[in-house]
Each structure stands twice: as C-alpha cells, then as structure tokens.
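Open your viewer and switch to a cartoon view. We will go through a few selections together, one stop at a time.

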Amino acid sequence: MTVITSRVDETLLLTIDRPPVNALDLDAILALEQAFAAAAEEAPRNGVVLTGGGQAFSAGVDTRAFAGYARDQRHAMVRAISRMVARLLAIPVPVVAAINGHALGGGFVLMLGCDHRIAIDGDAAKLGMTEAQAGIPFPAGPLEVMRHELSPELLRRLTLTSAVLRTRECHELRILDTLCAAEDLQSAAIVAARSLAAQPGFRAVKRQIRGGLAERLADLASTGHEPSLGAFG
C-alpha cells in the first residue's frame, strides 16, 4: 500500500507511505489519484488530512524510477500527475496538509493543493521546487496550482533558483499557515480540518475561491493536454 487510509472520528487521514522519502513513482501517483477520488466522493464530514509516513511528506517524483521507464510510461506518468492534482482539488471538504518533513517538487505541489498547511517547526524539513536543478520541467497540472497559489515574484524566485527553504522561511513567506511541534502535528491537523469543516459555508466558499482552478485542472486531466510532454523523452 502506497497510501494508507485511516480515520479519527470523521476526519479521513491519507498517509503517503513509500519509504524512505515517499518519492512518487507511477504506482504511487495512481494510488494517490484513486485515494483523492474516493475522498471527493465520500466528502468526510470533518475533512481530510494529507501527510507522509516516516520523516518526510514527499520528496516528489522518483527520478530514478522515472529514468527507468519506457517513453510511453514516462508520458503516462506525466499525465497521471496532472490527474492526481486535479483529484485533490476536486475534494469539496477541507484538505489539510500535515507537513512532517521534506516537501520537494511534486510533494511541494501536493502541499499547495491543500486548503490549509501545517508543518513541523524546525530545521529538519526542506521545502522547495527543484525541477530546474533536476532537469525536469513541470507538468501542466502542477504548473496551474503553482501559478494560482504563489505570487508571480515568489514563483519566479523559487522555481528558477531551485531554492530549498526551511519551514520557518515558508511560514514567513505565507506559504505555510501554521507551525507546530512534530509530536503535535497530526492532532493539530485534525483540529484544523474539523474547524474548517464546521463552517456552514465552507464548501460554497471553496468552490468560489478554488473552483476555477479545480475546473482548469479537471479540463487538463480529461484531455491529457501536456504542452511540455516532449521534454520528458
């Protein structure tokens, strides 16, 4: 199981579990796509918490696995990434990211796709979008999320420099909403999800604020349109 599903009261917990750093190969991406689709259909009353197993949230795409794929598999993986992110944005209830460690590349995008972001307070976790350094462009779906969630200046600076930031820096830049001690992370995320879900108008307002992004991602997912597909070999 790449994605572990559990529950606390009426909050759904989704844990990315692919040691050692929860890097995403094709199977992991498909598992997350399925888990997000199921969460969207269920719409748990007290929201969803997305986190990582062990000491990492997700280190992003497994570049070794990707390099070993045939061309058709690489293209399938790029399209699956956009579908996965589209499924995440389609969840109508609150989705809280509990960032327990590194969130890099695709892991950073998953974090941005969540409605509220809580991370451990300390120097252990590294966050950033290092695709330029890795030699991999962004798929269309993640690119839409990044443009929606980050200011143009911040997007330019983080992507073109492949900067890796600590959680306190991300909190200061307002990429993260809250910091807490590692031992309190899960409980804090559950409380946040429950609190957001308790608002009578949450679903309607989420549609207003993030619905346009969700629709664009759904369109990309349905068409499979990937302008940079040729760059993936």
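**First stop: helix α7**

Select α7 and look at the face turned away from its buried side: the exposed residues there are Pro152, Leu160 and Thr161. Keep in mind throughout that this is a predicted model.

Now turn the view around. Which residues of α7, spanning 152-161, are buried? They are Leu154, Leu155, Leu158 and Thr159. Look down the axis of α7 and you will find these buried residues within an arc of 110°, so they line one face of the helix.

To see what covers them, add α4 (106-112), α5 (131-134), α6 (140-149) and β9 (164-165) to your selection; these elements are among the cover over the buried residues of α7. Before leaving, click on Ser162, which follows α7 and has a positive phi, near 55°.

**Next stop: the sheet**

Select the strands in the order β1-β2-β3-β5-β7-β10, and you have an open sheet of 6 strands with mixed pairing. At its edges are β1 (3-8) and β10 (178-180), each pairing on one side only. From one strand to the next, the twist averages 25°.

Zoom in on β3 (residues 48-52) and β5 (residues 95-99): these strands run parallel and are joined by 4 bridges. Pick Thr51 and you can trace its bridge partner in β5, Ala98.

**Last stop: helix α9**

Finally, show α9, residues 185-197, which packs on the sheet. This helix touches β1, β2 (11-16), β3, β5, β7 (116-120) and β10. Compare directions here: that of α9 makes about 165° with that of β7.

Note on methods. Residues are numbered from 1 along each chain as its sequence is written. This is a predicted model: local features need pLDDT of at least 70, side-chain atom pairs count only at pLDDT 80 or more; totals for chains, interfaces and linings use all residues. Side-chain values use heavy atoms; hydrogens and water are left out. Two strands pair if DSSP finds at least two bridges between them. Helices (H or I, at least four residues) and strands (E, at least two) are DSSP runs, numbered from the N terminus. Axes are lines fitted to C-alpha atoms, for helices over the stretch in contact, and angles run from 0 to 180 degrees between N-to-C directions. Contact means heavy atoms within 4.5 Å. Buried means under 20% relative accessible area, exposed over 50%, partly exposed in between (1.4 Å probe, protein chains only). The arc is that of the directions from the helix axis to the C-beta atoms.
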